[in-house]
Amino acid sequence: MINNYIADRSYAIVSGFLGETVASEMGVTSRIDDIIVINFPKGNLFGQGQNVSVYLDNRTGVEQVDANLNVYRVAVKGYVESATAGIMVVKPEFYELFYGNSIIERFSIPGYEHSLDRREILAIPESPLLESDFSGDFVIDNNKVGVFITKASERPHSTVMAYLSNQRDDIFLISHRGSFKSENILRDRECAFAIDHRAEITFERAVFWNYTIIRGLIYRISENNSLFPVIQAAFVEKNPWEQVFFTHENIEMFHIQPQEIICPEKYFHFIQSEAQKALQV
């Protein structure tokens with residue numbers, strides 16, 4: 001079971017669809033067993049029966065990750081069994097729990113199958129940014145990784161990734177070609193990136209809330225783009241132990257251009273607004 005590896009009161013990044021839009025928020029697990037109970041101090045976006053992805057890991061208040069990301073981490077595919085304004089119960093349908101690059105535990109309900117993705121494959125446009133946009137502009141902070149959320153066919157897909165950002169909240173990622181997240185990007189460029197600030201603040205304060213979710217559109221940064229070596233060098237500078245990964249011949253680079261910066265208060269006002277609309281119907 002997940003609670004053999006990830007403690008109670010862990011951060012949970014929950015993602016689902018509101019209409020066709022990716023929605024994500026952070027909560028804190030109150031119990032992990034055959035179900036996952038998540039508390040949302042500022043309100044819950046999701047409803048009963050909804051398909052969601054719940055990302056969990058056992059990182060602590062200090063970012064200590066290496067090239068293999070040797071922490072326990074899992075993205076649970078499940079559905080909302082019950083929901084109130086502040087608590088959500090998720091019933092898992094499938095997960096693979098990783099430590100480093102190895103699967104430690106796999107769970108699947110009887111008859112579960114990954115859905116066939118019939119969406120059209122798209123061309124990802126080149127980033128509109130110019131090299132002149134990056135003169136001393138990268139934010140080099142204590143947060144090494146965040147959670148990248150892409151649009152799969154049934155529910156969002158969540159995976160932890162190293163990242164770079166700049167003063168304008170652009171996010172930059174490096175991935176290996178052919179991954180599941182890359183396949184999702186080829187079908188829908190809308191995505192989100194969640195950054196919690198546990199590396200810079202205590203857990204007790206973080207739950208009230210210290211995280212950022214950036215919703216945006218994905219662009220490609222090709223190897224022949226003059227930005228490619230600039231960003232690649234910055235990745236190595238921020239994460240020198242991952243140099244082999246960031247300089248591998250099979251990598252691809254992406255730019256998330258922000259469309260919306262989500263803070264907890266903004267979600268809270270959204271929930272209030274939706275509740276008021278429901279009362280008027």
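How many residues does helix H3 have, and what does it reach from its first C-alpha to its last? Helix H3, at residues 227-238, has twelve residues and reaches 17 Å, close to the 16 Å expected at 1.5 Å a residue, where the expected span is 1.5 Å times one less than the number of residues. Helices (H or I, at least four residues) and strands (E, at least two) are DSSP runs numbered from the N terminus.

This is a predicted model, in which local features need pLDDT of at least 70 and side-chain atom pairs count only at pLDDT 80 or more, while totals for chains, interfaces and linings use all residues. Residues are numbered from 1 along each chain as its sequence is written, and side-chain values use heavy atoms, with hydrogens and water left out.

Buried means under 20% relative accessible area, exposed over 50%, and partly exposed in between (1.4 Å probe, protein chains only). Among the buried residues of H3 are Leu227, Phe228, Ile231 and Val236.

| Residue | Strand | Relative accessible area |
|---|---|---|
| Glu93 | E6 (residues 87-99) | 16%, buried |
| His176 | E12 (residues 171-176) | 29%, partly exposed |

The side chains of Glu93 and Arg155 are joined by a polar contact of 2.8 Å, that is, a pair of N or O atoms within 3.5 Å, of which, within protein, one must be able to donate a hydrogen and the other to accept it, and residues adjacent in sequence count only if both atoms are side-chain atoms. Not counting residues up to four places away in sequence, Glu93 also touches others (heavy atoms within 4.5 Å), including Asn51, Lys77 and Tyr112.

His176 and His248 lie 72 residues apart in sequence and 8.4 Å apart in space, C-alpha to C-alpha.
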